[in-house]
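This report describes selected features of one molecular structure. The sequence and the coordinates are shown first, and the description follows them.

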Amino acid sequence: MTQSVTKINVAMLKKLLVFSMIMFGFGYALVPMYEKFCEVTGINNLLQPDVVDKNIKVDMTRLITIGLDANVRGLPWQFKSLQSNVKIHPGESIEVMYEIKNDSDREVSGQAIPSYSPRFLEKYLKKFECFCFTKQVLKPGEVRRMPVKFIIDPQIPVDVSAVTISYTFFALEPGK
Amino acid sequence: MAVVQDVHGHHDHHPSGIMRWVTTTNHKDIGTMYLWFSFAMFLVGGFLAMGIRAELFMPGIQILEPELFNSFTTLHGLIMVFGAIMPAFVGLANWQVPMMIGAPDMAFARMNNWSFWLLPVAGALLISSFFVPGGAAAGGWTFYPPLSAQGGLGVDMMIFAIHILGASSIMGAINIITTILNMRAPGMTLMKMPMFVWTWLITAYLLVLVMPVLAGTVTMLLTDRHFGTSFFNAAGGGDPVLFQHVFWFFGHPEVYIMILPAFGVVSEIIPTFSRKPLFGYSSMVYATASIAILSCVVWAHHMFTAGMPAVGQLFFMYATMLIAVPTGVKVFNWTATMWRGSMTFETPMLFSIGFVFLFVIGGFSGVVCAIVPIDIQVQDTYYVIAHFHYVLVSGALFAIFAAVYYWLPKWAGRMYDEKLGKMHFWLSMIFFNVAFFVQHFLGLAGMPRRIPDYSLQFADFNMISSIGAFGFGLTQLLFLYIVIKCIRSGEKATDKPWEGGSTLEWTLPSPAPYHSFETPPVIK
Ligand code: HEM
Ligand SMILES: [Cu+2]
């Protein structure tokens, strides 16, 4: 085999290695791309307030019971809702209050993640304000009251009369 | 550069005994080692499959505890995909690509040795993970979090093994691309290359495209597990669905990595035994390339039930169905090649025809899975298991058998026993269908995959399937016997044992000399 072929081969090897490294990076680049994609298309937007048509009609004929649930995972916090449940008409806006308290003697930050029952409630629940849109940082011993403002879309299937909104606070690594 | 071995440099005698194999840089030696390694892994993976089918022989839990059953299914998948099928094709490429393009060896002979010797390390890691505390990984071969974010040492060993296998595949792919692009004999233009070489060129490009993404995925999983990142960990703001996207971005091209070389093998064998040139050579090349490109934009058909907007489902549904078009072109071309050919049915041809028949069934069930409303029904059932065994066992594996029978005379210089070969084919064909055809019905009736027990109405079909599987497993020991018998005491093979063979390897003596094509042949 001539020297020149060996040289071309090495050049090719380098190119392909660089390409592999780029693809390795691309794997990581998929993470922000995925997040951006979800944000732009509005899929999975746990962190943005919803916008609702101003003249949405209140459906006075129905009353939906909303159970409010609060949990913490891996945090030295107490977390509760001040009402255990509320009743509203679909289309009517309401504000409910939650309270967190840091029981430890250090500053701790956490992020609340909502979950709903039944699962499709997510489609009909429109939140204007929520403590879950941002992380919460609590000083040692600090107590904080936080509102959630929302409506339930009157489009919600008629057989639904009771739903549950649950929040779980997860610990955030320091520095995040 | 250390990786560049001047191929003229190893004319003098090579070390003998075990060191010959450890240090060899000869493409034929390395090809042989790849093939034996993959056969060994095939037996290990087959053992796990026998365990699974034995447990599923009857309803109830008999021999495998659920956790161990889960490890069996997980490691069966990983070992068969990464340990058996992929290395077997790389082994075929090592033997055949240089001989078919008239090159003396692979482009980077030393690197070739490394990419092989990484494999036994990874294989040993996977197998030994059964014996560590907590046992082997049990979250499925697709290792979705959160299961794979939990799990013990076994999962870390799996992750490490995948890193190693990925490195090996990438090096192998780089080697193959460079060999094919730079070392063809004078006169062999790209469009004169044998189909097997073409399919491997395209496969190797797919490998360098997606294997690094898999490496990135498992790295993210590893840092999630041990270094506090939260790519996939919902509790820290990550997203487990993201894992599925990144995994299948690798995973779907991966399934084509396992089938394109099989297409290549069949495209060599069918013309040989039909004594006609391949019908529609250039359409074959374009079909292969379009399958490869399309395979990169269909990944989410594995995730129709993971939560996706309807437009997304529609896009991935149509894109997936589109792949059936170039695949159909190929099937058409193989059939047209046989049409009015003067066919004979030696074992390689039997396996190739079996391939065409059964692969088409697998392709059809794939198109059925691609239809969103149906897939929502059959996702994660035995229907999917049936689908991918039709494309992987009677697809990829049958093609590997065909290739071994086809080229064994050239490699060993001896003929295999034709009668036994045919028996191997027919037994495989029958038992395979007994084992897997009924799984379509099980899946349609709703039997979930990866569960060690099932409700009573599934009992009969499961028993049939298990019997087929045991038969299929035993039949493969016959294959081992045939190969050993051929190497040891087969009849001497002529240089060109198949009269229809038209590629360059048949111009060499049998067995192929240790160094071939040192002076490149000239292609008219
Ligand atoms: C016409 C061509 C094909 C189509 C349309 C197709 C379509 C699909 C679809 C839609 C699924 C997802 C099913 C589900 O999880 O519900 C699937 C799964 C699968 N396919 Fe195919 N497929 C095709 C060919 C192949 C080939 C050639 C291979 C490999 C050689 C393959 C291997 C697999 C595997 C391994 C899975 C299951 C992965 C898992 O969940 O473990 N498919 N296929
Ligand atoms: Cu796929």
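The sections below treat the metal sites, the surroundings of the first ligand, the packing of helices and local features of the backbone.

## Nature of the model

The structure is a predicted model. Every value reported here is accordingly computed from a prediction.

## The iron atom of ligand 1

The iron atom of ligand 1 has a single protein donor, the NE2 atom of B:H387, at 2.1 Å. B:H387 belongs to helix 13 of chain B, a helix that spans residues 382-412. The same residue is also involved in a polar contact: an N or O atom in the side chain of B:H387 is 2.9 Å from a nitrogen atom of ligand 1. B:H387 is therefore one of the residues within 4 Å of the ligand, and it is listed among those that come nearest to ligand 1.

## The copper ion and its distance from the iron

Three histidines of chain B provide the protein donors of the copper ion (ligand 2): B:H252 through ND1, B:H301 through NE2 and B:H302 through NE2. These donor atoms lie 1.8 to 2.1 Å from the ion. Along the sequence, the spacing of the donor residues follows the pattern H-x48-H-H.

How far is the copper ion (ligand 2) from the iron atom of ligand 1? The separation between the two metals is 4.6 Å.

## The shell around ligand 1

Ligand 1 is surrounded by 22 residues, of which B:W141, B:D375, B:Q379, B:H387 and B:R449 come nearest. By class, the shell comprises 13 nonpolar, 7 polar and 2 charged residues. Helix 7 (240-257), helix 11 (347-370) and helix 13 (382-412) of chain B each contribute at least two residues to the shell. The largest share is that of helix 11 of chain B, with 6 residues.

Two further polar contacts involve oxygen atoms of ligand 1. For B:W141, a polar side-chain atom is placed 2.9 Å from an oxygen atom of the ligand. For B:Q379, the corresponding distance from a polar side-chain atom to an oxygen atom of ligand 1 is 2.8 Å.

## Helix packing in chain B

Helix 5 (residues 153-182) and helix 6 (residues 195-226) of chain B have axes that come within 8 Å and cross at roughly 155°. Helix 5 and helix 6 of chain B are therefore roughly antiparallel to each other. The crossing of these two helices is left-handed. Their contact is made up of 25 nonpolar, 5 polar and 2 charged residues.

A second pair consists of helix 14 (residues 418-444) and helix 15 of chain B, whose axes come within 8 Å and cross at roughly 155°. Helix 14 of chain B is therefore roughly antiparallel to helix 15 of chain B. Helix 14 passes helix 15 of chain B in a left-handed crossing, and the residues of this contact divide into 19 nonpolar, 10 polar and 1 charged.

What is the relative direction of helix 2 and helix 4 of chain B, parallel or antiparallel? Helix 2 (residues 27-55) packs against helix 4 of chain B at an angle of about 15°, and their axes are 10 Å apart. An angle under 35 degrees counts as roughly parallel, so helix 2 of chain B is roughly parallel to helix 4 of chain B. The crossing of helix 2 and helix 4 of chain B is left-handed.

## Local backbone features

Two cis peptide bonds that precede proline are described here, one in chain A and one in chain B. In chain A, the bond from A:S117 to A:P118 is cis, with omega near -5°. A:P118 is situated in the loop between strand 5 (108-117) and helix 2 (121-124) of chain A. In chain B, the cis bond joins B:S510 and B:P511, with omega about -10°. B:P511 is situated in the segment after helix 15 (459-489) of chain B.

A positive phi, near 30°, occurs at B:F143, a residue other than glycine. B:F143 is in the loop between helix 4 (109-128) and helix 5 of chain B.

Key: Residues are numbered from 1 along each chain as its sequence is written. Chains are lettered from A and ligands numbered from 1 in the order in which they are written. This is a predicted model: local features need pLDDT of at least 70, side-chain atom pairs count only at pLDDT 80 or more; totals for chains, interfaces and linings use all residues. Side-chain values use heavy atoms; hydrogens and water are left out. Axes are lines fitted to C-alpha atoms, for helices over the stretch in contact, and angles run from 0 to 180 degrees between N-to-C directions. Helices (H or I, at least four residues) and strands (E, at least two) are DSSP runs, numbered from the N terminus. Angles under 35 degrees count as roughly parallel, over 145 as roughly antiparallel, 65 to 115 as roughly perpendicular and the rest as oblique. A crossing is left-handed if the near helix is turned anticlockwise from the far one by less than a right angle, and right-handed if clockwise. Ala, Val, Leu, Ile, Met, Phe, Trp, Tyr, Cys and Pro count as nonpolar, Asp, Glu, Lys and Arg as charged, and the others, Gly among them, as polar. A polar contact is a pair of N or O atoms within 3.5 Å; within protein, one must be able to donate a hydrogen and the other to accept it, and residues adjacent in sequence count only if both atoms are side-chain atoms. Donors are N, O and S atoms within 2.8 Å of the metal (3.2 Å for Na, K and Ca); water is not among the atoms, so sites may look incomplete.
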